[in-house]
Amino acid sequence: MKALSSSATVSINELVTKKKTSGERIYNFAAGDPVLRNHPSITRRAVQQAEKGFCPYPPVEGVPELRTLTAQWINAGSAAQYSKENVLVTCGGKFAIFSIIYTLVQPHEEVLIPSPYWVSYPEIVRMAGGTPVVVPCSSDGSWKVTAADLVKHLTEKSKFLIFNNACNPTGVLYSRQEVEEILTFAKKYGLTVISDEVYSGLAYEAPGFVSCGSFPEYRERVLIVQSCSKNFGMTGWRVGFVLGPAEVISKLAVLQTQSTTGVSLISQWAAVGALENADEVNAYVNSAMRKRRDLFFNTFRSLFPGPVAPVQSALYAFVPLSSMGIHHTRDSVAVAERLMVADNIALIPGKAFGLEGYVRFTFADVEENIEQGLRALRQAIERLGSVHE
Ligand code: PLP
């Protein structure tokens, strides 16, 4: 067997499911999974497809209607000029990232990964035989990677940069000028940018999200990763996308011919339903998540010493243990394990994102659970404190 380590978030979510199945009450701050009924535009199209009564193999690159709608959606938000040939439909954003890295990264090439990073990036790079190179971002309140940070980690083997805006786990949003700085840097040093934009529709503050697709002069060097999971509240349907030069999209499709054979037709038509009505479906998810964000941070501030500032985007709060009143340790794995095993509170340890001393909360669950979970956490930490006094 290849030595693979499983995703920390998926492993914790599996433990959550196991405990739930055996009837335990779980406070789930681990899953980045918007708990929300699907918008009717989504289910209507899926049911129509299912009721046709036959479901053949899908076109490997994705159904043409979906590819066209995806290109139009990205163009509308960014003034890019993608068309159907620039779009590959994948099994979620995760397989979009996998197919880019597995297909394009050559053994021993280096992939720059700003940290804190989404848990799967380094492991996917390793699976492909590449070398992940972690670029720490400053925690002085911004968590943003800059050209000055990147240049320190550049070698002749550096070929790719994974740029995650809006960011999981920090929730930062990059300004237009900051995105352009990154793209200029990438062009200067011949890097391909894998721009993970799966939270583009979950920006909560003006001026909002800026796509790497907004800069036509860099288009040849940019591969955009997109997904219906978060933007349209469709995690379980497993529909994601790569957008990029047509010849790269054709190359990536070859991997799908030998692996997934493409995405279920029912899911693809559900995604057509979302994209036909993209603004409305996204607004429905965004407004629910914004409310949960506000509730999370207000409740957190009323219960814990802080400081914590509300995030600008995505579904997460990346919180120092000290802001929760935990001062006796920086071992995020030990804290998360103890809270999960003893108190049924699920959090992801900062270590999984490349940084000790932090934990990641998600505020994607329903409001009642957020409030009750934070109260349970406060009690658990009080007990933890008394153990260590
Ligand atoms: N990229 C980031 C930053 C994520 O947080 C996630 C999921 O949590 C993904 C990609 C993949 O999402 P999906 O495969 O559900 O589209």
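Colleague: How far is the sulfur of Cys137 from the closest cysteine sulfur?
Modeller: This is a predicted model, and the distance is taken from its atoms. A disulfide requires two cysteine sulfur atoms within 2.5 Å. The closest cysteine sulfur to that of Cys137 belongs to Cys167, and it lies too far away for a bond, at a distance of 7.6 Å.

Colleague: Is Cys137 buried or exposed?
Modeller: A residue counts as buried when its relative accessible area is under 20%. The value for Cys137 is 11%, so this cysteine is classed as buried.

Colleague: How many disulfides does the structure hold, and which cysteine sulfur is nearest to that of Cys91?
Modeller: The number of disulfides in the structure is 0. Cys91 is accordingly in no disulfide, and the nearest cysteine sulfur, 12 Å away, is that of Cys228.

Colleague: What is the relative accessible area of Cys91?
Modeller: Partly exposed residues fall between the limits of 20% and 50%. Cys91 belongs to this partly exposed class, with a relative accessible area of 28%.

Colleague: Which residue has the backbone oxygen that the side chain of Lys144 reaches?
Modeller: Lys144 is placed in the loop between strand 4 (131-136) and helix 6 (147-151). With a relative accessibility of 18%, Lys144 counts as buried. Its side chain comes to 3.1 Å from a backbone oxygen, that of Leu173.

Colleague: What is the order of the strands in the open sheet of 3 strands?
Modeller: Strand 9 (residues 316-320) runs antiparallel to strand 12 and is joined to it by 5 bridges. Strand 11 (residues 348-349) is also antiparallel to strand 12, through 2 bridges. The open sheet therefore has strand 12 between the other two, in the order 9-12-11.

Colleague: Which strands stand at the edges of the sheet?
Modeller: The 3 strands of this open sheet are paired in antiparallel fashion. An edge strand here has a single partner strand, so one of its sides is left without a neighbour in the sheet; this applies to strand 9 and strand 11.

Colleague: In strand 12, which residue is the bridge partner of Pro349?
Modeller: From strand 9, Val319 stands opposite Val359 of strand 12. On the side of strand 11, Pro349 has its bridge partner in strand 12 as well, namely Val359.

Colleague: How many residues of strand 12 are buried?
Modeller: On one side of strand 12, Tyr358, Arg360 and Thr362 are buried, and on the other side Val359 and Phe361 are buried. Both faces are thus covered. Strand 12 (residues 358-362) is largely enclosed by the rest of the structure, because its buried residues number 5 of the 5.

Colleague: Which helix gives the most residues to the shell around the ligand?
Modeller: The ligand is surrounded by 15 residues, and the closest are Gly93, Asp196, Tyr199, Ser227 and Ser229. By character, the shell divides into 5 nonpolar, 6 polar and 4 charged residues. The largest contribution, 4 residues, comes from the helix spanning residues 92-104, which is helix 4.

Colleague: How much of the area that the ligand exposes when taken alone is buried by the protein?
Modeller: Oxygen atoms of the ligand lie 2.6 Å from a polar backbone atom of Gly93 and 2.9 Å from a polar backbone atom of Lys94. A ligand oxygen is also 2.9 Å from an N or O atom in the side chain of Lys230. Of the 390 Å² that the ligand exposes alone, the protein buries 92%.

Technical notes
Residues numbered from 1 in each chain as written. Predicted model: local features only at pLDDT ≥ 70, side-chain atom pairs only at ≥ 80, totals over all residues. Heavy atoms only, no water. Buried < 20%, exposed > 50% of the residue type's maximum accessible area, 1.4 Å probe, protein only. Near = heavy atom within 4 Å. Polar contact = N/O pair within 3.5 Å; in protein donor to acceptor, adjacent residues only side chain to side chain. Areas by Shrake-Rupley, 256 points an atom, 1.4 Å probe, with all protein chains shown as cover. Nonpolar A, V, L, I, M, F, W, Y, C, P; charged D, E, K, R; others polar.
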